[in-house]
Amino acid sequence: MLKKIKGPQFAERNLVIILVLLIAVLSIVSHRFLSYNNIMNLLRQTSIIGVMAIGMTFVILSGGIDLSVGSVLAFSSVLSAMMMKAGLPIPLAILLALFSGTVLGLLMGILIHKGSVPAFIATLGGMTMVRGAVMLISGARKISGLPKDFKHFAVAKYLGVPGMVWVWIIIVIIGFIIAKYTVFGRNVYAIGSNEEAARLSGIKIGKNIYGIYAFGAFTSAVAGILMTARLGNGVPTSGTGYELDVIAAVVVGGASMSGAVGTILGTVLGTVIIAAIRNGGNLLGINPFILDITVGGLIVFAVLFDQLNKKKR
């Protein structure tokens, strides 16, 4: 019976149990944890990492890694802010920023596939170059004076749920449909399992790699727009260090760094678990450095667990 439920569903079931236990403990030690305002605040703060983690899931499922997500977020944030301040209509500024961010991911995909540059090196270099470009075009200063209608989105609620959280939900649904019901989603798993075998079976590796990194960058660009609305400014240093939390959310959610193992639901659960740990720790006044150690330990444990499972297989 145990063997029948092992696999993604088994991992997701374990994550749900961990999350329920975590919520139960935090609600006992802090009466504010389960309050409506705190839950909405937690979801609002998590939505940015949550959106980025969906794109990172496809990258990791393919056996890759993308360290440039935080820099792409900052690029999208500053670019959209500059265009809005210059007088472009809000929808047009958002679309152009999303397009530009997606192109950055596409370029990294080309560098990885056509240039045969390891994903770690390509995206590490991309992270530095994009961050440098953001500092250059912004003069290393935040871009303020944005339209009130745009900033209003960060605090607005629809059916009692913050607008930023609705964006996260939409990205989750899109990611779930792509991963489970499209040829592209199946190709991502196949490439992560064995790239050579996928190529011999007729899968166009290049086109899929381009799509994977473009989609990852698109979600980072979406997160950049959300960050700009939340801060009310385009901040060139925004997103610094976010790659750690994004990768942590995917890995804690059960994805294997070797590729081909992981689900969108697992990523969502991993994201919420990490957010609950940080939020509960803040409510209890725990030193944030200790929380960093905890999250880092979770990543190491998740990867160690994955490696031990691979040896058993």
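Where is the place of serine 116? Let's work up to that and more in a few exercises.

This is a predicted model, in which local features need pLDDT of at least 70 and side-chain atom pairs count only at pLDDT 80 or more, while totals for chains, interfaces and linings use all residues. Residues are numbered from 1 along each chain as its sequence is written, and side-chain values use heavy atoms, with hydrogens and water left out.

**Exercise 1. Locate serine 116 and describe its backbone and exposure.**

Step 1. Serine 116 sits in the loop between helix H4 (90-113) and helix H5 (119-138). Helices here are DSSP runs (H or I, at least four residues), numbered from the N terminus.

Step 2. Look at the backbone: serine 116 has a positive phi of about 55° although it is not a glycine.

Step 3. Now the surface. With a relative accessible area of 60%, serine 116 is exposed. The cut-offs are: buried under 20% relative accessible area, exposed over 50%, partly exposed in between (1.4 Å probe, protein chains only).

Step 4. For a second example, turn to alanine 140, in the loop between H5 and helix H6 (148-155). Alanine 140 is not a glycine either, and its phi is positive, about 60°.

**Exercise 2. Describe how H2 packs with H3.**

Step 1. Start with the geometry. Helix H2 (residues 36-61) and helix H3 (residues 69-85) have axes 11 Å apart and pack at an angle of about 120°. Axes are lines fitted to C-alpha atoms, for helices over the stretch in contact, and angles run from 0 to 180 degrees between N-to-C directions.

Step 2. Name the arrangement. Angles under 35 degrees count as roughly parallel, over 145 as roughly antiparallel, 65 to 115 as roughly perpendicular and the rest as oblique. H2 and H3 are therefore oblique to each other.

Step 3. Give the handedness: H2 and H3 cross in a right-handed way. A crossing is right-handed if the near helix is turned clockwise from the far one by less than a right angle, and left-handed if anticlockwise.

Step 4. List the partners. From H2, the residues Ile48, Met52 and Met56 meet Val69, Gly70 and Leu73 of H3. Contact means heavy atoms within 4.5 Å.

Step 5. Sort them by class: the contact of H2 with H3 has five nonpolar residues, one polar and no charged. Ala, Val, Leu, Ile, Met, Phe, Trp, Tyr, Cys and Pro count as nonpolar, Asp, Glu, Lys and Arg as charged, and the others, Gly among them, as polar.

**Exercise 3. Repeat the analysis for H2 and H12.**

Step 1. H2 packs with helix H12 (residues 264-283) at an angle of about 140°, and their axes are 9 Å apart.

Step 2. That angle makes H2 oblique to H12, and the crossing of H2 and H12 is right-handed.

Step 3. The contact includes Asn38, Leu42 and Phe58 of H2, and Ile264, Thr267 and Leu283 of H12.

Step 4. By class, the contact of H2 with H12 holds ten nonpolar, seven polar and no charged residues.

**Exercise 4. Explore the largest nonpolar core.**

Step 1. A nonpolar core is a set of buried Ala, Val, Leu, Ile, Met, Phe, Trp, Tyr and Cys residues joined through side-chain atoms within 4.5 Å. The largest one has 75 residues, and Ile48, Ile54, Met56 and Phe58 touch the most other members.

Step 2. Helix H10 (residues 205-231) gives this core its largest share, 13 residues.

Step 3. Take one of the well-connected members. Beyond residues up to four places away in sequence, phenylalanine 58 touches Gly175, Ile178, Ala179, Phe184, Val188, Ile212, Phe215 and Ile264.

**Exercise 5. Is aspartate 66 buried or exposed, and which residues does aspartate 66 contact?**

Step 1. Find aspartate 66 in the loop between H2 and H3.

Step 2. Its relative accessible area is 3%, so aspartate 66 is buried.

Step 3. Leaving aside neighbours within four places in sequence, aspartate 66 is in contact with Met56, Val59, Met108, Thr123 and Tyr213.

Step 4. Check one pair: aspartate 66 and methionine 56 are ten residues apart in sequence and 7.1 Å apart in space, C-alpha to C-alpha.

**Exercise 6. Do the same for serine 220.**

Step 1. Serine 220 belongs to helix H10.

Step 2. With a relative accessible area of 0%, serine 220 is buried.

Step 3. Not counting residues up to four places away in sequence, serine 220 touches Met52, Val69, Val72 and Leu73.

Notes
Helices (H or I, at least four residues) and strands (E, at least two) are DSSP runs, numbered from the N terminus.
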